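This report examines selected side-chain interactions and the environment of the residues involved. The sequence and model are shown below.

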Amino acid sequence: MLLLLNTIVATVSQKGNENMKKYIAEFIGTMVLVIFGCGTAAATGVSGADPNGAYILTALAFGLSIVAMAYSIGNVSGCHVNPAVSVGVFLAGKMTSKDFVGYVVAQFLGAIVGAAILAGLLGVDTGLGANGLFDASIGKSLIAEIILTFVFVMAVLGATDKIANSTVAGLVIGLSLTLVHILGISLTGTSVNPARSFGPALFVGGDAFSIVWIFIVAPVIGSALAAVVYKYLTSGQEA
């Protein structure tokens, strides 16, 4: 009996340690995404009202951040670094509710720390890559973010659905994030990630924080739609 109890305690302890490693990985990954993605947007002064080369630099910074993290922490946590991705994975039945909560908390904390670092390095007057309204319209902004997130999360679910894709999944996801940024920057600055939006908005404050709810709600809706559609399209297929 004592041996059995010791085995149970050791198993629970090991499981808890493995979970914590995943949460730390998500914290680091989201922090890196904000520092390099939002940091590039802030440093280059990218603006939806003034299309220029900074668009491509910012889109690539977000995409390459995901590629870098996918091949460094992907084997630990799956490299969601985005609550919207975690929503999609959870609704697809590929993660537990406990892990979902742990991931989302870690992602928001990582984004906040990343934004704090940017605020110290670049100053909040750069905007820290905070999102803005598309055409001064809440409705248009919601629709834009829902569509952008839907496309991105569909790509994530497809790229990670089969073991055979594991070697290229990080590259595909990174390029998909670059794709949605190329269009999305001119619309809302591209969120598709509630944590990425919340961190900068928290420090910038003002209008950026007053509208951040849009960039939390819309990505969640887009992700949920992607999960439902993807499950329907792939139902009956072998993994």
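## A salt bridge within helix H1

In this predicted model, the side chains of lysine 21 and glutamate 18 form a salt bridge, with an N to O distance of 3.6 Å. Both residues belong to helix H1 (residues 2-44), where a spacing of 3 residues places them about one helical turn apart. Lysine 21 is partly exposed, at 42% relative accessible area, and glutamate 18 is likewise partly exposed, at 37%.

## Other salt bridges

The whole structure contains 4 salt bridges. One of them joins lysine 22 to aspartate 99, whose closest N and O atoms are 2.7 Å apart. This pair connects distant parts of the chain, since lysine 22 lies in helix H1 and aspartate 99 in helix H4, 77 residues apart. Lysine 22 is buried, with a relative accessible area of 16%; aspartate 99 is also buried, with 10%.

A salt bridge also forms between the side chains of aspartate 135 and lysine 140, at 2.6 Å from N to O. Here aspartate 135 is exposed, with a relative accessible area of 53%, whereas lysine 140 is partly exposed, with 39%.

## The surroundings of asparagine 131

Asparagine 131 is located in the loop between helix H4 (97-122) and helix H5 (138-159). Its relative accessible area is 8%, so asparagine 131 counts as buried.

Polar atoms of the asparagine 131 side chain lie 3.3 Å from the backbone oxygen of threonine 188 and 3.1 Å from the backbone oxygen of threonine 190. Beyond its neighbours within four places in sequence, the contacts of asparagine 131 include Gly189, Ser191, Arg196, Ile211 and Phe215.

Notes
Residues numbered from 1 in each chain as written. Predicted model: local features only at pLDDT ≥ 70, side-chain atom pairs only at ≥ 80, totals over all residues. Heavy atoms only, no water. Helix = DSSP H or I, 4+ residues; strand = E, 2+ residues; numbered from the N terminus. Buried < 20%, exposed > 50% of the residue type's maximum accessible area, 1.4 Å probe, protein only. Polar contact = N/O pair within 3.5 Å; in protein donor to acceptor, adjacent residues only side chain to side chain. Contact = heavy atoms within 4.5 Å.
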